[in-house]
Amino acid sequence: MLMFWHREPFELPHCLVTCESLQVLKLNLCDDVLKLPNHFDGFRQLKFLHLCGVKLSDEHLTNCLFSKCQLLENLEFDCNLKRMKLLYIDSASLLYITFHEGNFYDSCEIKISCPSLKFLKCKCPIPKDIVIKNLFSIEYVDINFQDNEEKCDDFSISFEKTGILVHKMIKEVPSISVLKLCKVSLRALYEEARQVRLSPICFNKLKSLTLKLGDDEDHMQVMIQLLKYSPKLEVLKLWCDEMHDPEESIVCLDSHLKSIQLIGFKEEENEIELLRFFLKNARVLEKLAIVWAGYALKSEEALKKVLNIPRTSSQVLLTFHDAKLKRKSTNWLDYC
């Protein structure tokens, strides 16, 4: 990893750019502006690039940087995009793109055109817009737009804008096998769906779904819609604040859903009700993992409530985990 602090635009040294053996570059400029040398031909062997604390200001520079690194596979951003109106990532070789928590994404439009891309993770403030195209190989999408509600208020994020943005993103990747959505994304999708402005998206290849649910019915309704349109879903992971029991008939519960993980369990009655729903309706369920909330007091009564829930599947492995110790605390194998 290279770290520089110049308090002025930093130009990459010629010896670094022309290094034939360089495959991994982690660059931290401590919030200085990045410049490329004249006649930049790209890093010939570079496969992993992590830009941290880098101010990007030139649209042509960034497009040149990514497109001319012809072996680049992994790109990570933790950057200041305040001066950027457009960040364009056009690469035939990129497999992984990650946007970390950075600053000033809200004035920048992000465009991604990477036909080999398999993994896209957005753990960052909500940008002005995201346009994704030619993602023919995409398998894994993780959208985690500022899921801290206090931050959302600070940035004056419109649920309408967010809902349209998230819907547009996932609409372009219907063939993914893994999808993760944060609380802000779910609530925004609910608001847009409630206004009948968004059409359902069918994920025929989705195998794993991870959701960070909030403490209201909105998140539950979006979860039900996602389950309805994911007929081959096998793994469901819920990071929950509070839950309610949905009364729905869902295709993936009848034939595909084999594993459920519930994180942040506080032994609330509505959590027990949701577990009852899944154990009753998930007919091929094999594993149900329950992770206690860090502050929750584990009780024998709560364990008994879960263990005594009737289940449709012939055999379900129930495991209980301690969030603080990050290890399994109780292992139960139950049969109907």
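This report covers the aromatic ring pairs and one charged surface patch of a predicted model.

## Aromatic pairs

The structure contains 7 aromatic pairs. One of them joins Phe77 and Phe99: the ring centres lie 5.2 Å apart and the planes meet at 10°, so this pair is stacked. The two residues come from distant parts of the chain. Phe77 sits in strand 5 (residues 74–80) and Phe99 in strand 7 (residues 96–99), 22 residues apart. Both Phe77 and Phe99 are buried.

A second example is Tyr96 with Phe119. Their ring centres are 5.9 Å apart, with the planes at 55°, so the pair is tilted. This contact also links distant parts of the chain: Tyr96 belongs to strand 7, Phe119 to strand 9 (residues 119–122), and 23 residues separate them. Phe119 is buried, at a relative accessible area of 19%. Tyr96 has a relative accessible area of 36%, so Tyr96 is partly exposed.

## A phenylalanine cluster

Phe77 and Phe99 also belong to a cluster. Ring pairs connect them with Phe66.

## Positive surface patch

Four lysines form a positive patch on the surface: Lys205, Lys207, Lys232 and Lys258.

Lys207 can be placed in more detail. Lys207 lies in the loop that runs between helix 5 (183–194) and strand 13 (208–213). Its relative accessible area is 35%, so Lys207 counts as partly exposed. That value also fits the patch, because patch residues need over 30% relative accessible area.

Notes:
Residues numbered from 1 in each chain as written. Predicted model: local features only at pLDDT ≥ 70, side-chain atom pairs only at ≥ 80, totals over all residues. Heavy atoms only, no water. Patch = residues over 30% accessible without salt bridge, like charges linked within 9 Å, V, L, I, M, F, W, Y side chains within 5 Å. Areas by Shrake-Rupley, 256 points an atom, 1.4 Å probe, with all protein chains shown as cover. Salt bridge = Lys/Arg side-chain N within 4 Å of Asp/Glu carboxyl O. Lys, Arg positive; Asp, Glu negative; His and termini not counted. Charge placed at Lys NZ, Arg CZ, Asp CG, Glu CD. Helix = DSSP H or I, 4+ residues; strand = E, 2+ residues; numbered from the N terminus. Buried < 20%, exposed > 50% of the residue type's maximum accessible area, 1.4 Å probe, protein only. Phe/Tyr/Trp six-rings, centres within 6.5 Å; stacked < 30°, edge-to-face > 60°.
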